[in-house]
Amino acid sequence: MTEKNLLLIDGFNLLSRAHFATSYNRTNDQLKNSKGIYVNALRVFYQKIFNLIRDHKITHLSVVWDVKREETTRRQKYDFYKATRFELPEPLIHQYVTCREASEAIGIHQISLSPYEADDLMGAISKKWVNGACFIYSNDRDLFQLLSETTSQIIASKQGEYIYSKKSFQLDYGINPEQWVDVKALLGDSSDNIPGCPGIGEKSALPLIQHYGSLECIYENIEQLEPSLCRHKKKLIQGKETTLISKELSQIICDIEELHQFQLDELMLGIRTEILMELLGQLELKIRIDQFGA
């Protein structure tokens, strides 16, 4: 049986990192091609996708996009969620539109689904994938909760990219990936405006979950915490409401009814080579794509 490998790209994570990495100290005109189209992030975006396809022998692929934050279930229930996010810069917005159109034309599968976020879609699809390895390309640590025997995360660092597996996570944190949401609930996330438990930091959150396993178990035993953890009792009691809300906001939704009938065969790689070459020429993107002879 031919090996099947699925790659899920966190679209905004890759496109925005590509933009900010290539726009530092450059004017808007320097980010455009000769036709006045913003392309600085697109070059990095597509070069990275084709490198990943080659390096990890990818047979199935989807670029997963977020919907507008106002549409998400979390924002509809809690209006403070992601309320501190800055508006996206104009060059990035333009390239998002171009990227969606170009990817559709060349046969790269894309998915977005209101009211869910990209994390939810990646969670639901990765749980359905049982045909081989699943790789999630993103630097978002929230996705650690999706790690499993078959699902790993490809993370970019200054030293280069590395594959972060369930085993790697367990060695680093001493808990299982599904318990990561409890750690995140205690810590909160300032970038998403998730409050967490005030006064509890990573050095405190991790030992609490390592010992008790979950938030629920912590609060069941709040009156008789272990002596080494007892100093956190007051903060945990005072922050109970925001901590439980933070877990709700941090939990990735992996059971999405709209995807129950989703056919994974739709993700089979099928690049339209001629259109790809034409678009690269039109956008003036110099990308080396070995597997397509370019």
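**Helix pairs and cores: a short tour**

Hi everyone, let's start with a helix pair: α7 passes α8 in a right-handed crossing. Before I go on, please keep in mind that what you see is a predicted model.

Helix α7 covers residues 180–187 and helix α8 covers residues 202–212. Their axes lie 9 Å apart, and the packing angle is about 145 degrees. Which residues make the contact? From α7 we have Asp182, Val183, Leu186 and Leu187, and α8 answers with Glu202, Ala205, Leu206, Leu208 and Ile209. Sorted by class, the contact of α7 with α8 holds seven nonpolar residues, two charged ones and no polar ones.

Now for another pair, closer to the start of the chain numbering: helix α1, residues 11–23, and helix α2, residues 40–55. Here the axes come within 8 Å and cross at roughly 125 degrees. An angle between 115 and 145 degrees falls in the oblique class, and α1 and α2 are therefore oblique to each other. The crossing of α1 past α2 is right-handed. On the α1 side, the contact uses Gly11, Leu14, Leu15, Ala18, His19, Thr22 and Ser23. On the α2 side, you'll find Asn40, Ala41, Leu42, Arg43, Val44, Phe45, Lys48 and Ile49. That contact divides into eight nonpolar, five polar and two charged residues.

On to the cores. In soluble globular proteins, nonpolar side chains tend to be buried together. The largest nonpolar core here has 35 residues. Which of them have the most contacts inside this core? They are Leu7, Ile9, Phe45, Tyr46, Ile49, Leu61 and Leu285. Elements giving two or more residues to the core include β1 (4–10), β2 (60–64), α4 (90–106) and α12 (273–283), along with both α1 and α2. The most comes from α2, with eight residues.

Let's zoom in on isoleucine 9. Setting aside neighbours within four places in sequence, Ile9 is in contact with Leu14, Ile49, Leu52, Leu61, Ser62, Val63, Val64, Met122 and Tyr137. There is also a second, separate core of 25 residues, and Phe169, Tyr212, Leu225 and Leu229 are among them.

One last stop, since Met122 just came up as a contact of Ile9. Is helix α5, residues 118–128, mostly covered or mostly uncovered? Mostly covered: nine of its 11 residues are buried. Met122 is one of those buried residues, and so are Asp119 and Asp120. The buried residues of α5 pack against β1, β2, α3 (73–77), β3 (110–111), β4 and β5 (151–157).

Thanks for listening!

Technical notes: Residues numbered from 1 in each chain as written. Predicted model: local features only at pLDDT ≥ 70, side-chain atom pairs only at ≥ 80, totals over all residues. Heavy atoms only, no water. Axes fitted to C-alpha atoms, helices over the stretch in contact; angles between N-to-C directions. Helix = DSSP H or I, 4+ residues; strand = E, 2+ residues; numbered from the N terminus. Parallel < 35°, antiparallel > 145°, perpendicular 65-115°, else oblique. Left-handed = near helix turned anticlockwise from the far one by under 90°. Contact = heavy atoms within 4.5 Å. Nonpolar A, V, L, I, M, F, W, Y, C, P; charged D, E, K, R; others polar. Core = buried A, V, L, I, M, F, W, Y, C linked by side-chain atoms within 4.5 Å. Buried < 20%, exposed > 50% of the residue type's maximum accessible area, 1.4 Å probe, protein only.
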